[in-house]
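Got your viewer open and a selection box ready? Load the model and follow along, one pick at a time.

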Amino acid sequence: MFKRFASLRAFSLIAGLLLATACTATGSNEAAPYTDGTEYVTLPAPAHRLSNEGKVEVVEVFSYGCIHCAHFAPIAEQMRKQLPTGVTFKLMPAVFSDEWLPFARAYYAAKKLGVLDQTHLELFKAKFDEHYPISNLDELADFYAMHGVKRDEFMRIASSDEVTQQIRKDAELVKQWQVDGTPTIVVDGKYRTANVKTLAELSAVAQWLAKRELSGAK
C-alpha cells in the first residue's frame with residue numbers, strides 16, 4: 001500500500017494517500033463486501049455535499065500534482081461511465097501544499113473556459129509521462145495555450161477572487177470530510193474511502209457506496 005502522510009496547515013494541507021484490489025458489489029441479501037472503518041468510513045452528520053444537485057454525488061478529491069491521481073485518472077474516467085443513472089461524478093482539487101495551489105487554480109480556469117474534459121487526462125500525461133515542466137501558473141498557462149486557450153484569459157480566471165474563494169470553500173470541505181490524502185473519494189458527503197489497497201479497489205468501493213446510497217440502503 002502506498003502511503004504518504006503529513007500534518008495539516010492553515011490553508012495548505014499536506015498530502016497523504018491511501019490507495020487501492022478490484023472487488024465487485026454484491027446483492028442486497030449478501031454480506032457487504034466492504035467494512036465501515038476499514039475500506040471506508042462514515043462521516044459525522046450532517047452531510048456536507050459539494051453541491052445541492054439532487055443526484056447522488058461521487059467526488060474525487062485530487063490534484064494534478066499527485067502522481068497517484070495521474071494513475072487513477074483513467075480508472076476514474078471508466079468509473080464515471082459505469083455509474084448508474086442518478087449518480088454524478090465530480091472532481092474537487094485539493095491544496096495539500098503551496099505547490100499544489102496553481103493546479104487547483106488551473107482546474108477551475110479550465111472548467112470555466114470549457115476545456116476541462118479535453119485537457120484533464122492530457123495534463124496528467126504531459127506532467128508525469130512526458131515530463132513537461134508544469135509546476136507554476138505560468139507553465140500551466142503555456143500548457144493550456146497549446147490546447148487553444150488564450151493565455152491571458154487563463155491567467156485572469158485562474159488568479160481571480162472567484163477562484164480563490166472556491167478554493168477556500170474546497171479546503172473547508174476537505175476538513176469536514178477528514179481527507180488527508182489523494183486520491184480520495186467522498187460519496188454524498190456521507191462516506192469517505194479509507195484503507196483501500198489498490199486503485200481498482202478505490203473505484204470499486206466508490207461504486208458500491210454510490211449504488212448503496214442510490215438504493216437508500218443503510
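Start with R49, which is partly exposed at a relative accessible area of 25%. Keep in mind as you click around that this is a predicted model.

Now add E57: its side chain meets that of R49 in a salt bridge, 3.9 Å from N to O. Is E57 buried or exposed? Colour by accessibility and you'll find E57 buried, at 0% relative accessibility.

Next, select K90 and E53. They form another salt bridge, with the closest N and O atoms 3.5 Å apart. This pair ties together distant parts of the chain, 37 residues apart: K90 sits in strand 3 (residues 87-93), while E53 is in the loop between strand 1 (40-42) and strand 2 (56-62). K90 counts as buried at 14% relative accessibility, whereas E53 is partly exposed at 37%.

Keep those four on screen and add D188: R49, E53, E57, K90 and D188 are linked in a network of salt bridges.

For a more local pair, go to helix 1 (residues 67-82), where R80 and E77 are three residues apart, so about one helical turn separates them. Their side chains meet in a salt bridge at 2.5 Å, N to O. R80 is partly exposed at 38%, and so is E77 at 28%.

Last stop, the largest nonpolar core. Of its 69 residues, V58, Y64, L140, Y144, F154 and W177 touch the most other members. Highlight helix 7 (residues 199-215) too, as the biggest contributor to this core, with eight residues. Then zoom in on F154: beyond its neighbours within four places in sequence, its contacts are A106, A109, L113, L137, L140, A141, Y144 and V149.

Technical notes. Residues are numbered from 1 along each chain as its sequence is written. This is a predicted model: local features need pLDDT of at least 70, side-chain atom pairs count only at pLDDT 80 or more; totals for chains, interfaces and linings use all residues. Side-chain values use heavy atoms; hydrogens and water are left out. A nonpolar core is a set of buried Ala, Val, Leu, Ile, Met, Phe, Trp, Tyr and Cys residues joined through side-chain atoms within 4.5 Å. Buried means under 20% relative accessible area, exposed over 50%, partly exposed in between (1.4 Å probe, protein chains only). Helices (H or I, at least four residues) and strands (E, at least two) are DSSP runs, numbered from the N terminus. Contact means heavy atoms within 4.5 Å.
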